Amino acid sequence: MKFFIDTADVNEIRDLAATGLVDGVTTNPSLVAKTGKDFIATVREIAKIVPGPVSAEVTATDHATMLKEGHKLAKIAKNIAVKVPLTPDGLKTCKALSGDGIMVNVTLCFSAAQAILAAKAGAAFISPFVGRLDDIAADGMGLIREIVAIYKAYPGIRTEVLVASVRGPLHVVEAAKMGAHVATLPPSVLRQMFAHPLTDKGLAAFLADWKKTGQSILGAEDGAAKAAE
Ligand code: E4P
(Lines give C-alpha, C1' and ligand atoms only; values in the text may rest on other atoms or scores of the structure.)
Protein backbone atom coordinates (compact mmCIF):
# COMPACT_ATOMS: atom_id res chain seq x y z
CA MET A 1 0.00 0.00 0.00
CA LYS A 2 1.33 3.43 -0.90
CA PHE A 3 1.25 6.32 1.56
CA PHE A 4 0.71 9.87 0.40
CA ILE A 5 0.83 12.79 2.83
CA ASP A 6 -2.23 15.04 2.84
CA THR A 7 -0.77 18.48 3.45
CA ALA A 8 0.75 21.51 1.71
CA ASP A 9 3.09 22.19 4.64
CA VAL A 10 6.57 21.87 3.15
CA ASN A 11 8.28 21.44 6.53
CA GLU A 12 5.97 18.56 7.48
CA ILE A 13 6.55 16.94 4.08
CA ARG A 14 10.33 17.28 4.37
CA ASP A 15 10.27 15.84 7.89
CA LEU A 16 8.08 12.84 7.01
CA ALA A 17 9.76 12.17 3.65
CA ALA A 18 12.96 11.59 5.63
CA THR A 19 11.37 8.42 7.08
CA GLY A 20 11.47 6.90 3.60
CA LEU A 21 7.80 5.93 3.98
CA VAL A 22 6.21 8.67 1.87
CA ASP A 23 5.27 7.79 -1.72
CA GLY A 24 3.51 11.01 -2.70
CA VAL A 25 1.61 14.09 -1.55
CA THR A 26 -1.94 15.37 -1.95
CA THR A 27 -2.89 19.02 -1.59
CA ASN A 28 -6.18 20.82 -1.98
CA PRO A 29 -7.17 24.52 -2.01
CA SER A 30 -8.03 24.43 1.72
CA LEU A 31 -4.64 22.94 2.64
CA VAL A 32 -2.88 25.54 0.47
CA ALA A 33 -4.87 28.37 2.08
CA LYS A 34 -3.77 27.10 5.51
CA THR A 35 -0.09 27.63 4.60
CA GLY A 36 -0.64 31.23 3.42
CA LYS A 37 2.04 30.61 0.77
CA ASP A 38 2.13 30.91 -3.03
CA PHE A 39 0.42 27.86 -4.58
CA ILE A 40 2.62 27.28 -7.64
CA ALA A 41 5.87 27.87 -5.75
CA THR A 42 4.74 25.53 -2.96
CA VAL A 43 3.78 22.74 -5.38
CA ARG A 44 7.11 23.15 -7.18
CA GLU A 45 8.97 22.80 -3.89
CA ILE A 46 6.94 19.74 -2.81
CA ALA A 47 7.52 18.03 -6.17
CA LYS A 48 11.27 18.34 -5.59
CA ILE A 49 11.10 16.79 -2.11
CA VAL A 50 8.91 13.79 -3.00
CA PRO A 51 9.59 11.92 -6.26
CA GLY A 52 6.15 10.26 -6.32
CA PRO A 53 2.85 11.84 -7.44
CA VAL A 54 2.07 15.29 -6.04
CA SER A 55 -1.58 16.25 -6.48
CA ALA A 56 -2.30 19.88 -7.31
CA GLU A 57 -5.94 20.87 -7.72
CA VAL A 58 -7.53 23.06 -10.38
CA THR A 59 -9.81 25.79 -9.07
CA ALA A 60 -11.90 26.57 -12.17
CA THR A 61 -15.24 24.81 -12.55
CA ASP A 62 -15.68 24.98 -16.34
CA HIS A 63 -13.94 22.50 -18.64
CA ALA A 64 -12.04 25.00 -20.82
CA THR A 65 -10.44 26.82 -17.87
CA MET A 66 -9.85 23.59 -15.93
CA LEU A 67 -7.97 22.24 -18.94
CA LYS A 68 -5.75 25.34 -19.14
CA GLU A 69 -5.10 25.21 -15.39
CA GLY A 70 -4.40 21.47 -15.59
CA HIS A 71 -1.80 21.93 -18.33
CA LYS A 72 -0.17 24.75 -16.38
CA LEU A 73 -0.01 22.65 -13.20
CA ALA A 74 1.32 19.61 -15.08
CA LYS A 75 4.19 21.71 -16.44
CA ILE A 76 5.47 22.43 -12.90
CA ALA A 77 7.12 19.00 -12.66
CA LYS A 78 6.95 15.51 -14.14
CA ASN A 79 5.45 14.04 -10.96
CA ILE A 80 2.40 16.34 -10.79
CA ALA A 81 -1.02 14.69 -10.72
CA VAL A 82 -3.68 17.22 -11.66
CA LYS A 83 -6.61 17.05 -9.27
CA VAL A 84 -10.08 17.68 -10.66
CA PRO A 85 -13.44 17.54 -8.88
CA LEU A 86 -15.93 14.80 -9.68
CA THR A 87 -18.25 16.90 -11.84
CA PRO A 88 -19.17 16.50 -15.52
CA ASP A 89 -16.67 19.24 -16.43
CA GLY A 90 -14.07 17.70 -14.11
CA LEU A 91 -14.38 14.29 -15.76
CA LYS A 92 -14.30 15.80 -19.24
CA THR A 93 -11.06 17.49 -18.19
CA CYS A 94 -9.80 14.22 -16.71
CA LYS A 95 -10.36 12.45 -20.02
CA ALA A 96 -8.55 15.17 -21.99
CA LEU A 97 -5.57 15.45 -19.61
CA SER A 98 -5.23 11.65 -19.31
CA GLY A 99 -5.24 11.49 -23.12
CA ASP A 100 -2.28 13.89 -23.06
CA GLY A 101 -0.42 11.49 -20.74
CA ILE A 102 -0.99 13.59 -17.61
CA MET A 103 -1.80 11.84 -14.29
CA VAL A 104 -5.21 12.89 -12.99
CA ASN A 105 -6.56 12.49 -9.47
CA VAL A 106 -10.37 12.76 -9.38
CA THR A 107 -11.35 14.16 -6.02
CA LEU A 108 -14.51 14.60 -3.93
CA CYS A 109 -15.82 11.10 -4.69
CA PHE A 110 -18.68 9.99 -2.44
CA SER A 111 -20.27 7.10 -4.36
CA ALA A 112 -19.38 3.96 -6.28
CA ALA A 113 -21.26 5.32 -9.30
CA GLN A 114 -18.93 8.34 -9.34
CA ALA A 115 -15.88 6.04 -9.05
CA ILE A 116 -17.03 4.05 -12.11
CA LEU A 117 -17.24 7.30 -14.11
CA ALA A 118 -13.76 8.39 -13.01
CA ALA A 119 -12.29 5.06 -14.13
CA LYS A 120 -14.00 5.45 -17.51
CA ALA A 121 -12.53 8.95 -17.78
CA GLY A 122 -9.04 7.45 -17.40
CA ALA A 123 -8.21 8.78 -13.93
CA ALA A 124 -4.90 7.65 -12.47
CA PHE A 125 -6.44 7.98 -8.98
CA ILE A 126 -9.95 8.14 -7.56
CA SER A 127 -10.20 9.84 -4.15
CA PRO A 128 -13.18 8.66 -2.07
CA PHE A 129 -13.48 10.76 1.12
CA VAL A 130 -14.10 8.33 3.98
CA GLY A 131 -13.96 10.74 6.93
CA ARG A 132 -16.49 13.16 5.45
CA LEU A 133 -18.90 10.24 4.87
CA ASP A 134 -18.40 9.02 8.45
CA ASP A 135 -19.10 12.59 9.61
CA ILE A 136 -22.63 12.37 8.19
CA ALA A 137 -23.17 8.88 9.65
CA ALA A 138 -22.61 7.16 6.28
CA ASP A 139 -20.21 4.21 5.78
CA GLY A 140 -16.93 5.66 4.50
CA MET A 141 -15.01 2.38 4.56
CA GLY A 142 -17.98 0.59 2.99
CA LEU A 143 -17.51 2.83 -0.04
CA ILE A 144 -13.84 1.82 -0.30
CA ARG A 145 -14.83 -1.88 -0.14
CA GLU A 146 -17.34 -1.34 -2.96
CA ILE A 147 -14.95 0.56 -5.25
CA VAL A 148 -12.08 -1.90 -4.74
CA ALA A 149 -14.42 -4.80 -5.61
CA ILE A 150 -15.77 -3.06 -8.73
CA TYR A 151 -12.33 -2.10 -10.03
CA LYS A 152 -11.04 -5.65 -9.35
CA ALA A 153 -13.84 -7.08 -11.48
CA TYR A 154 -12.47 -5.18 -14.50
CA PRO A 155 -8.74 -5.93 -14.95
CA GLY A 156 -8.60 -3.24 -17.66
CA ILE A 157 -9.20 -0.51 -15.06
CA ARG A 158 -5.87 1.12 -14.18
CA THR A 159 -7.33 3.70 -11.78
CA GLU A 160 -5.91 3.39 -8.25
CA VAL A 161 -8.14 3.75 -5.19
CA LEU A 162 -6.69 6.59 -3.12
CA VAL A 163 -8.36 6.60 0.30
CA ALA A 164 -8.82 10.25 1.30
CA SER A 165 -10.22 12.20 4.23
CA VAL A 166 -8.52 9.72 6.55
CA ARG A 167 -9.13 10.45 10.24
CA GLY A 168 -7.02 7.85 12.04
CA PRO A 169 -4.85 4.70 11.84
CA LEU A 170 -7.92 2.43 11.83
CA HIS A 171 -9.03 3.86 8.48
CA VAL A 172 -5.59 2.96 7.10
CA VAL A 173 -5.65 -0.59 8.49
CA GLU A 174 -9.16 -1.20 7.16
CA ALA A 175 -8.21 0.20 3.74
CA ALA A 176 -5.12 -2.04 3.63
CA LYS A 177 -7.26 -5.10 4.49
CA MET A 178 -9.52 -4.22 1.57
CA GLY A 179 -6.60 -3.89 -0.83
CA ALA A 180 -6.88 -0.16 -1.55
CA HIS A 181 -3.83 1.00 -3.49
CA VAL A 182 -3.08 4.26 -1.67
CA ALA A 183 -4.04 6.14 1.49
CA THR A 184 -3.38 9.84 1.86
CA LEU A 185 -2.67 10.62 5.49
CA PRO A 186 -2.66 13.84 7.45
CA PRO A 187 0.84 14.05 9.02
CA SER A 188 -0.63 13.44 12.49
CA VAL A 189 -2.12 10.10 11.36
CA LEU A 190 1.19 8.85 9.95
CA ARG A 191 2.83 9.75 13.28
CA GLN A 192 0.04 7.99 15.22
CA MET A 193 0.69 4.81 13.22
CA PHE A 194 4.14 4.45 14.79
CA ALA A 195 2.79 4.66 18.32
CA HIS A 196 2.04 1.79 20.70
CA PRO A 197 2.36 1.96 24.52
CA LEU A 198 3.83 -1.57 24.65
CA THR A 199 6.57 -0.52 22.23
CA ASP A 200 7.47 2.40 24.52
CA LYS A 201 7.28 0.23 27.64
CA GLY A 202 9.28 -2.61 26.09
CA LEU A 203 11.97 -0.29 24.80
CA ALA A 204 12.32 1.43 28.19
CA ALA A 205 12.79 -2.00 29.86
CA PHE A 206 15.36 -3.15 27.27
CA LEU A 207 17.36 0.07 27.66
CA ALA A 208 17.29 -0.13 31.47
CA ASP A 209 18.56 -3.73 31.39
CA TRP A 210 21.20 -2.87 28.79
CA LYS A 211 22.48 -0.07 31.02
CA LYS A 212 23.04 -2.62 33.79
CA THR A 213 25.47 -4.57 31.57
CA GLY A 214 27.74 -1.51 31.34
CA GLN A 215 28.42 -2.33 27.69
CA SER A 216 28.37 -0.19 24.55
CA ILE A 217 27.96 -1.71 21.09
CA LEU A 218 30.01 0.94 19.32
CA GLY A 219 32.49 1.61 22.10
CA ALA A 220 33.33 -2.03 23.01
CA GLU A 221 35.99 -4.24 21.49
CA ASP A 222 34.78 -7.53 20.01
CA GLY A 223 35.53 -10.07 22.80
CA ALA A 224 35.44 -13.14 20.50
CA ALA A 225 37.71 -11.55 17.93
CA LYS A 226 40.15 -10.52 20.68
CA ALA A 227 40.22 -14.05 22.12
CA ALA A 228 41.01 -15.47 18.66
CA GLU A 229 44.05 -13.18 18.27
C1 E4P B 1 -7.62 14.42 -0.40
O2 E4P B 1 -6.90 14.51 -1.35
C3 E4P B 1 -8.11 15.55 0.41
O4 E4P B 1 -7.12 16.55 0.37
C5 E4P B 1 -8.32 15.24 1.86
O6 E4P B 1 -8.10 13.89 2.15
C7 E4P B 1 -9.54 15.84 2.45
O8 E4P B 1 -9.64 15.46 3.78
P9 E4P B 1 -10.54 16.22 4.86
O10 E4P B 1 -11.91 15.66 4.81
O11 E4P B 1 -9.86 15.91 6.16
O12 E4P B 1 -10.50 17.68 4.52
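**Exercise 1. Is Cys94 buried or exposed?**

Keep in mind that this is a predicted model. Start with the cut-off: buried means under 20% relative accessible area. Cys94 has a relative accessible area of 0%, so Cys94 is buried.

**Exercise 2. Find out how many disulfides there are, and check Cys109 too.**

First, the rule: a disulfide needs two cysteine sulfur atoms within 2.5 Å. By that rule, the count is 0 disulfides. Cys94 is in none, as its nearest cysteine sulfur, the one in Cys109, lies 12 Å away. Now take it from the other end: the closest cysteine sulfur to that of Cys109 is in Cys94, and 12 Å is too far for a bond. As for its surroundings, Cys109 counts as buried because its relative accessibility is 0%.

**Exercise 3. Trace the barrel and look at how E6 meets E7.**

Go round the strands in order: E1-E2-E3-E4-E5-E6-E7-E8 make a closed barrel of 8 strands, with parallel pairing. On average, neighbouring strands of this sheet are turned by 30° against each other, direction ignored. Now zoom in on one pair. Strand E6 (residues 125-128) and strand E7 (residues 160-163) run parallel and are joined by 2 bridges. Across from Phe125 you'll find Glu160 in E7.

**Exercise 4. Place Leu218 and say which patch it belongs to.**

Begin with the chain: Leu218 sits in the loop between helix H11 (197-213) and helix H12 (223-228). Next, the accessibility: exposed means over 50%, so at 83% Leu218 counts as exposed. Finally, the neighbours: Leu218 joins Trp210 and Ile217 in a nonpolar surface patch, and together they have about 410 Å² of accessible area.

Methods:
Residues numbered from 1 in each chain as written. Predicted model: local features only at pLDDT ≥ 70, side-chain atom pairs only at ≥ 80, totals over all residues. Heavy atoms only, no water. Patch = residues over 30% accessible without salt bridge, like charges linked within 9 Å, V, L, I, M, F, W, Y side chains within 5 Å. Areas by Shrake-Rupley, 256 points an atom, 1.4 Å probe, with all protein chains shown as cover. Salt bridge = Lys/Arg side-chain N within 4 Å of Asp/Glu carboxyl O. Helix = DSSP H or I, 4+ residues; strand = E, 2+ residues; numbered from the N terminus. Buried < 20%, exposed > 50% of the residue type's maximum accessible area, 1.4 Å probe, protein only. Pairing = 2+ DSSP bridges. Axes fitted to C-alpha atoms, helices over the stretch in contact; angles between N-to-C directions.
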